[in-house]
Amino acid sequence: MREKPVPHASLAAEFLRDDLHRIFHDERLWGMRQKRDEQMHELPEWQELRQQASRLKEHTLAHLPHYLEQFEQNAKKNGIHVHWARDGAEHNRIVEGILKAHGHSSIIKSKSMITDECEMREYLEPKGITVTETDLGERIQQLDNQLPSHVVVPAVQKLTKDVAKVFAKHYHTDPAIDDPHALAEAQRNAARPVLLSGDTGMTGGNFLVAETGSFVVCTNEGNADLSANLPNLHIATLGIERLVPRMEDLGVFIRLLSRSALGSPITQYTTHFRKPKKGGEMHVILVDNGRSERLGMEDFWSSLKCIRCGACMNTCPVYRRSGGQSYGAVYSGPIGAIIDPTFNAKKFSTLPFASTMNGSCTNVCPVKIDIHDQLYKWRRILAERHEIPFVKKEIMKMAGRLLSQPKLYRLSISGTEVALKTMPRFVLYNYLNPWGKHRELPHPVKETFHSWYKKNRLKKETTAQEGTSS
Amino acid sequence: MKIGLFIPCYIDAFFPKTGIATLELLEKLGQDVEYPMDQTCCGQPMANSGCNRDAKETEALFVRNFAKYDMIVAPSGSCVHHIRENFDAIEQTDEVRHVRQNTYELVEFIHDVLRVREFPWAEFPHKVGLHNSCATLRALRTASMSELGEPFFSKPKTLLSAVKGISFATPKRPDECCGFGGTYSVTEEAVSARMGLDKVNDHHNAGAEYIVSADTSCMMHQQGCAERNGVPVRFIHIADILNGARS
């Protein structure tokens, strides 16, 4: 069956219908962007840091096999089990295998985008393995059976009253109490027993350090440290692009990450994991899932530099007004719009068009990914692969023909009332109709510039020329 | 120096006054300007939609019209950006390169090429909100952008500051995109129109009587949003003000 493209435009329109959600979402994320700006102004070397981070990532990606092997060697020396997963399915089987070997059946898990990417919960739960998210936002999304809306603040599209409803359904709390403290307390009460009884801890990770064979997890709630340290078994899943060569390189990224994400100088917790605790076991699963293939894409490989800070989402005027759910993908916003089509070009064919090409994303990106240029490149590729609506394609073909023939073009917009009455015939119909839904059309004018020029200037020139020649 | 005047299709059809103001202004500044009669469009609508191949003939026509001029000037940041950065559906001959490298947006042409800072005939006794299109702000770089934290500069504001009686409103989010985005304005009309309304409200709340911009396409969209929602703000192209329009 042919998969339908995500209807981003209509999902976004739906999101915009409720003023409370619309205003909160836009202002909350814009607030994060503003805090990010304040942090940037505190550091005169900000642009230099971005440049350095970009170069470090480019270098690492150019030598990826080398650094991955170095990481593996050093991690093994530290007593960490290292696994390689070609795709999500293989990753999930590895997790299942580790749990089976220990006779475990419950995972307490901190937030990680990549396990969502691998659809791990969907795979493990039918096999009797419970997965409990311990990050507050991620837990809310899990209970509500939704994908994360944002890479850093997964439930940002929800108001406290929405959370109260979700908790009432699952935790049997009072749906009318939407005080954030009460809600956090409800989550704490529900999570504590699970945290204490869970037999396997899982985390994602922000960075792999090749020279030390260690990895770093940056969080704000402390739940990752509980998830990793309470059980004796810790499994960490990271994408193969998370690498940095040396410990000293980390400084560049740690300084950029939380400043770009939330506008705080550093995350509350920056935890370095180097070896299993006494009597414990530590596993790292390195996931490819399309990354090697993307590394080979001339136009899109640099999206692998992403450190998942979400700054592009916070600044994106379209994302802020669409909500993360409208992208129908694990990764939403501008970064999602350029990496999602590498997973499924049909399903996510609409996302590169969910942009005004304003370029704000590219300029806040701490690792200098040319996000809006990649959106532009995706549009071309998708059009060439016929992954854009037929009507749009036909209209563009017609427009191209008309705009390359001056006489025909003039004829089509001629007449006195100009364009509005005749131009609609070629463009306005079906395709441009939506203009008027929330906007007035431009006012008709008596004559075009073209005809004004002909009357007022060409005649004069002819007269002047005649004057001089006679 | 002979200048070819490029008047983009929507200015030609909907805002001819802006085209006239651009021509008159360049003439006041002593320029030898000609408007090639066979011009249509730069090809951006097709290219922006991904249908780059459909822009090929339009680009070829553009080059046939403009290759003979030393410089090409247009009162539209977005079209100039397209010509300079993305005009690649046709083979890149010397002629094509000449056109691409010598096409200027009106403000940067006056500011950087002519280096004119005085417009003694201009007077605009109104409070204006300056709207920099994303193409002028982040591609042509005629003003500093908040994303980079760089020292403030604004070529359009420098020019406008020479106009008698003008004052500036300070919107809360001066760099936020207004949501036009070419075909985006119809393919995602709900988000587009919401952004447009937010933009005009921001300017109106800051006390702007007029929104002034070097990009008519953004203003066509914003005006549509303002009129539909009864936001009492008016629109004027920077060429009209610099040419001496009083309202």
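**Notebook: helix packing, chain contact and domains**

I first looked up one helix pair across the two chains: helix 1 (residues 8–16) of chain A and helix 11 of chain B pack at an angle of about 45°, with their axes 7 Å apart. The model is a predicted one. I class helix 1 of chain A and helix 11 of chain B as oblique to each other, because angles from 65 to 115 degrees count as roughly perpendicular and those under 35 as roughly parallel.

Next I listed the residues that make this contact. Helix 1 of chain A contributes Ala9(A), Ala12(A), Ala13(A) and Leu16(A), and helix 11 of chain B contributes Ala190(B), Val191(B) and Arg194(B). By class I noted 6 nonpolar, no polar and 1 charged residues.

I then turned to the whole contact between the chains. It takes 59 residues from chain A and 55 residues from chain B. On the side of chain B that touches chain A, helices that each supply at least two residues include helix 4 (56–66), helix 8 (134–139) and helix 12 (216–229). Helix 11 of chain B gives the largest share of that side, 7 residues. I recorded the classes of this side of chain B as 28 nonpolar, 15 polar and 12 charged residues.

Finally I examined chain B internally. Its division is into domain 1 (2–114) and domain 2 (127–242), and I noted 21 Å between the C-alpha centres of these two domains of chain B. Their contact takes 26 residues from domain 1 of chain B and 22 residues from domain 2 of chain B. The side of domain 1 of chain B that touches domain 2 of chain B has 12 nonpolar, 10 polar and 4 charged residues.

Technical notes:
Residues numbered from 1 in each chain as written. Chains lettered and ligands numbered in written order. Predicted model: local features only at pLDDT ≥ 70, side-chain atom pairs only at ≥ 80, totals over all residues. Domains from an automatic or database assignment. Contact = placed C-beta atoms within 7 Å. Nonpolar A, V, L, I, M, F, W, Y, C, P; charged D, E, K, R; others polar. Helix = DSSP H or I, 4+ residues; strand = E, 2+ residues; numbered from the N terminus. Axes fitted to C-alpha atoms, helices over the stretch in contact; angles between N-to-C directions. Parallel < 35°, antiparallel > 145°, perpendicular 65-115°, else oblique.
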